[in-house]
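Please walk through this structure step by step, beginning with its sheet and then turning to the contacts made by its aromatic side chains.

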Amino acid sequence: VETGSVKLGQLFDLSFGVKTGDGQKFLTHDPIGSKCKKLLRGADIGRYSHEFKGEYVIYDPVAMRKNKITARPGTKERFEQPKVLMRDTGGGLMGDFDDGEFYQKDVIIITDRAKEVPKLKVLLALLNSRLMRYFYETTFPTLHVQRDELTVLPVREDYVTNPDQKIVALV
């Protein structure tokens, strides 16, 4: 698996979802105003699927940081672009693609610097494959999918930079 591969973190950026610092104040099921953004949690992410459950984040980074110093809202650019979403708990590696419609919480976000959707979709197929799940689970025996562990996963650069490559055997 590692022969001829590079680390995932060399090809893609990995970051965390929004950390509001105060869910009672910044999370809602009653969206009011333009600051309310559709929210997906880790539990909403499946293998090639997600379920929007009607939750919104009141995305106001200044107010979040002012309310709690521990808030890490990130930037709107992180959320409003094509990305791979990796669930951080339960069931091993599993992820889905988001074209920028949702903000995330309790999710690891993988983005491509060039914002190339085909590269992200090939990466998603690799991360959701049985081979990568086996490799991850035998290399990192944890309950949570960790960002630092994802960054060192071996990825064949030619697979993700040449989306026409056939990788069906890995899925």
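What follows takes the sheet, then the aromatic rings, and lastly one exposed loop position.

The model is a predicted one, and a convenient place to begin is its open sheet, in which four strands follow one another in the order β2-β11-β8-β9 with antiparallel pairing. The edges of this sheet are formed by β2 and by β9, residues 95–98, each of which pairs on one side only, and from one strand to the next the twist averages 30 degrees.

Reading across the sheet in that order, β2, which spans residues 13–16, pairs with β11 in the antiparallel sense over four bridges, and within this pairing Ser15 is found opposite Ile109 of β11. Strand β8, made up of residues 83–87, also pairs with β11 through four bridges in the antiparallel sense, and here Met86 is the residue that stands opposite Ile108 of β11. The step from β8 to β9 is again antiparallel and is joined by four bridges, with Val84 having Phe97 in β9 as its bridge partner.

Strand β11, residues 107–111, deserves a separate look, since five of its five residues are buried. The covering concerns both of its faces: Val107, Ile109 and Thr111 are buried on one side, while Ile108 and Ile110 are buried on the other. Helix α5, residues 117–127, lies across β8, β9 and β11, and runs at about 165 degrees to β9. Phe97, already met as the partner of Val84 in β9, also has Lys121 lying over its face, at 4.9 Å from the ring centre.

The aromatic side chains give a second way through the model, and a search of the whole structure finds six aromatic pairs. In one of them, the ring centres of Tyr59 and Phe79 are 6.0 Å apart and the ring planes stand at 75 degrees; because planes over 60 degrees apart count as edge-to-face, the pair is placed in that class. This pair links distant parts of the chain, with Tyr59 in the loop between β7 (56–58) and α3 (61–67) and Phe79 in helix α4 (residues 76–79), 20 residues apart. Tyr59 has a relative accessible area of 8% and is therefore buried, and Phe79, at 0% relative accessibility, counts as buried as well.

Phe79 also pairs with Tyr103, and for these two rings the centres are 4.6 Å apart while the planes meet at 20 degrees, so the pair is stacked. Since Phe79 belongs to helix α4 and Tyr103 to strand β10 (residues 103–105), this pair ties together parts that lie 24 residues apart in sequence. Both partners, Phe79 and Tyr103, are buried.

A further group of rings is made up of Phe52, Tyr56 and Phe102, which form one aromatic cluster. Phe52 has a charged neighbour too, for the charged end of Lys38 sits over the Phe52 ring, 5.5 Å from its centre.

Finally, is Pro141 buried or exposed? This residue has its place in the loop between α6 (130–139) and α7 (147–151), and with a relative accessible area of 72% Pro141 is exposed, because the threshold for that class is over 50%. Computed along the sequence, Pro141 and Thr3 are 138 residues apart, whereas in space their C-alpha atoms are 22 Å apart.

How values were computed
Residues numbered from 1 in each chain as written. Predicted model: local features only at pLDDT ≥ 70, side-chain atom pairs only at ≥ 80, totals over all residues. Heavy atoms only, no water. Phe/Tyr/Trp six-rings, centres within 6.5 Å; stacked < 30°, edge-to-face > 60°. Helix = DSSP H or I, 4+ residues; strand = E, 2+ residues; numbered from the N terminus. Buried < 20%, exposed > 50% of the residue type's maximum accessible area, 1.4 Å probe, protein only. Lys NZ or Arg CZ within 6 Å of the ring centre and 35° of its normal. Pairing = 2+ DSSP bridges. Axes fitted to C-alpha atoms, helices over the stretch in contact; angles between N-to-C directions. Contact = heavy atoms within 4.5 Å.
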